[in-house]
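Reader: I've got a structure open and I'd like to learn how to read it feature by feature. Can you walk me through it?

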Amino acid sequence: MERFVITGGPRLSGRVLISGSKNAALPIMAATILGAGQSRLENVPDLRDVATMAKLLRLIGAEVRREGHGLLVDTEHCSHPEAPYDLVSTMRASFYVLGPLLGRFGRARVSLPGGCAIGPRPVDFHIKGLRALGATITLDGGYVLAEADRLKGARVVFDIPSMGATANVMMAAVTAEGTTVIENATKEPELVALADFLVKMGAKIDGAGTDRIEIEGVKSLSPADGSIIPDRIETATFLLAGAITGGNVDIAGCCPEHVSAIINKLEECGVKMTLGGSAIRIEGLERIGAADLVATAYPGYPTDVQPLHTALMCIASGSSVISDTVFPDRFTHVAELNRLGAQIMLEDKVAVVKGVEELRGAPVMASDIRAGAALVMAGLVARGQTQISRIYHIDRGYERIEEKLSALGAQIRREGK
Ligand code: UD1
């Protein structure tokens, strides 16, 4: 099994180019099912999760081909509306095909995602929303069976904003009969990107990016071409990697507006940043200040970056209190950071981090994408060598992270190929 070996110390410096967003690419790939024919997607990151979605689309009958930084997806001959357990269990976002399959074929059989390292992640909102649109949904042998002759527009109110459920219901509603209103929708940029792509395919959608989305159903959609927005979580990762090493990093090809919560938090820690149109320059600090954090739905501080902020706080001057309202159990990184010499106490789903002068390298294990990224960040400053195992988690969501970090002067290498 592959691992990262990092020797901590060097301050990062130089320029890094941000890749396309994983969380925008995955639902957009699923959306191509809705328009029979060839869709071309540009700026698609070369990631394990993208490969998993491509595999799933091929099982459904699509042709998927890499073309440089893009993907060609031909969904003309899709005929098998099913997502098997072995794929959905490795990547929860496989569940995104449910809405599009139902819209195109009037039926779908998709495995329930099952357990996940970041705590319970149900799909009840997806199911409730599709039922509201008139789908008959039964659960059988760990699979969701959804059927509907033609879905009918309805009002869908979510208890809390959910990216997955908003996307799935939106993709089902675009070809439903009549108008669908989604209330308490997620405002995440990836949802807006999906809505923009669906509009290119011929959908009628208003209000994406607000908590009320209105969709007027059309008969059918056509294939479309689109480009994937920059990955805001990768942007945040390089911002925090710059901050933790006290480096000077130019982050290019990003969308600063999508990371304002992170920029505000880093400013609270004393970090200086200069914003350009699609670039952020971060200037290192000798020692970072401490700042409490509550991760919340967008435009709040992203839960995906919470583990990275926790890593940053490990070497801050002072103590901080961290909680996560989106995934309250998302703290598997805490025990591993403590192995590196961090002083984090976890009690009642709240992490109290006492900043220490330095971390020390040790063997640690990644348990999910972002917990893994938090360990990489800690490894960048830990004295001596840090070995991170199970890096296949990190590869799910980061394109060539070790190459990008090495180009900024980090001492990181992949072993065990
Ligand atoms: C997406 C992102 C993930 C990110 C998360 C929150 C993708 C592929 N993944 O995951 O990286 O961490 O948004 O920003 O884009 N919930 C329910 N019932 C449901 C659905 C969700 O209770 O049916 C709850 C969840 O437990 C959580 C909250 O809603 O507390 C938000 O989750 P959601 O936005 O759905 O997460 P994902 O779409 O799975």
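Author: Sure, and we'll begin with burial: a residue is called buried if its relative accessible area is under 20%, exposed if it is over 50%, and partly exposed in between. Keep in mind that this is a predicted model. Serine 320 makes a good first case: its relative accessibility is 1%, so it counts as buried.

Reader: Where is serine 320, and which residues does it touch?

Author: Serine 320 is in strand S19, which covers residues 319-324. Leaving out residues up to four places away in sequence, it touches Ala290, Ala291, Asp292, Met313, Ala351, Val352 and Val353.

Reader: Met313 is on that list. Which helix has Met313 among its buried residues?

Author: That's H10. Eight of the eight residues of this helix, 306-313, are buried, so H10 is largely enclosed by the rest of the structure. Besides Met313, the buried residues include Gln306, Pro307, Leu308 and His309. In the loop between strand S18 (293-295) and H10 you'll find proline 299. A cis peptide bond joins tyrosine 298 to proline 299, with omega at about 10°.

Reader: Let's zoom out. What do the overall numbers say about the protein?

Author: There are 14 helices and 24 strands. For 417 residues, a compact globule would have a radius of gyration near 22 Å, and the protein's 21 Å agrees with that. The C-alpha trace spans about 65 × 45 × 45 Å along its principal axes. Buried residues account for 57% of the 417. The accessible surface comes to about 16,200 Å², and 48% of it belongs to carbon and sulfur atoms.

Reader: And what share of the contacts join residues at least 24 apart?

Author: If you take contacts between residues at least 6 apart in sequence, 73% join residues at least 24 apart. For a single pair to look at, take valine 169 and leucine 98: they are 71 residues apart in sequence, with their C-alpha atoms 9.2 Å apart in space.

Reader: Is valine 169 buried or exposed?

Author: Its relative accessibility is 0%, so valine 169 counts as buried. You'll find it in helix H6. Neighbours within four places in sequence aside, valine 169 is in contact with His126, Gly129, Leu130, Leu133, Val156, Phe158 and Ile182.

Reader: How do I read aromatic pairs?

Author: A pair of aromatic rings is described by the distance of the centres and the angle of the planes. This structure holds one such pair. The ring centres of phenylalanine 125 and phenylalanine 158 are 6.0 Å apart and the planes meet at 35°, so the pair is tilted. It links distant parts of the chain, 33 residues apart: phenylalanine 125 belongs to helix H5 (residues 124-132), while phenylalanine 158 is in the loop between strand S10 (155-157) and helix H6 (163-173).

Reader: Are those two rings' residues buried or exposed?

Author: Phenylalanine 125 has 15% relative accessibility and counts as buried. Phenylalanine 158 is buried too, at 4%.

Reader: Which residue lies over the face of tyrosine 143?

Author: Arginine 109 does, at 3.9 Å from the ring centre.

Reader: On to cysteines. How many disulfides does the structure hold?

Author: A disulfide is a covalent bond between the sulfur atoms of two cysteines. The structure holds zero of them. For cysteine 254, the nearest cysteine sulfur is that of cysteine 255, 7.3 Å away. Cysteine 254 is buried, at 4% relative accessibility. As for cysteine 269, its closest cysteine sulfur is in cysteine 314, and at 12 Å that is too far for a bond. Cysteine 269 also counts as buried, at 4%.

Reader: Last topic, backbone angles. Which residues other than glycine have a positive phi?

Author: Two to look at are asparagine 43, with phi near 55°, and aspartate 348, with phi near 50°. Asparagine 43 is in the loop between strand S3 (38-42) and helix H2 (48-60), and it is partly exposed at 29% relative accessible area. Aspartate 348 is in the loop between strands S20 (343-347) and S21 (350-354). With a relative accessible area of 70%, aspartate 348 is exposed.

Terms used: Residues are numbered from 1 along each chain as its sequence is written. This is a predicted model: local features need pLDDT of at least 70, side-chain atom pairs count only at pLDDT 80 or more; totals for chains, interfaces and linings use all residues. Side-chain values use heavy atoms; hydrogens and water are left out. Rings of Phe, Tyr and Trp (its six-membered ring) pair if their centres lie within 6.5 Å; planes under 30 degrees apart count as stacked, over 60 as edge-to-face and the rest as tilted. Helices (H or I, at least four residues) and strands (E, at least two) are DSSP runs, numbered from the N terminus. Buried means under 20% relative accessible area, exposed over 50%, partly exposed in between (1.4 Å probe, protein chains only). A charge sits over a ring if NZ of Lys or CZ of Arg is within 6 Å of the ring centre and within 35 degrees of the ring normal. The radius of gyration is taken over C-alpha atoms; the globule rule is 2.2 Å times the number of residues to the power 0.38. Contact means heavy atoms within 4.5 Å. Accessible areas come from the Shrake-Rupley method with a 1.4 Å probe; for residues, only the protein chains shown count as cover. A disulfide is a pair of cysteine sulfur atoms within 2.5 Å.
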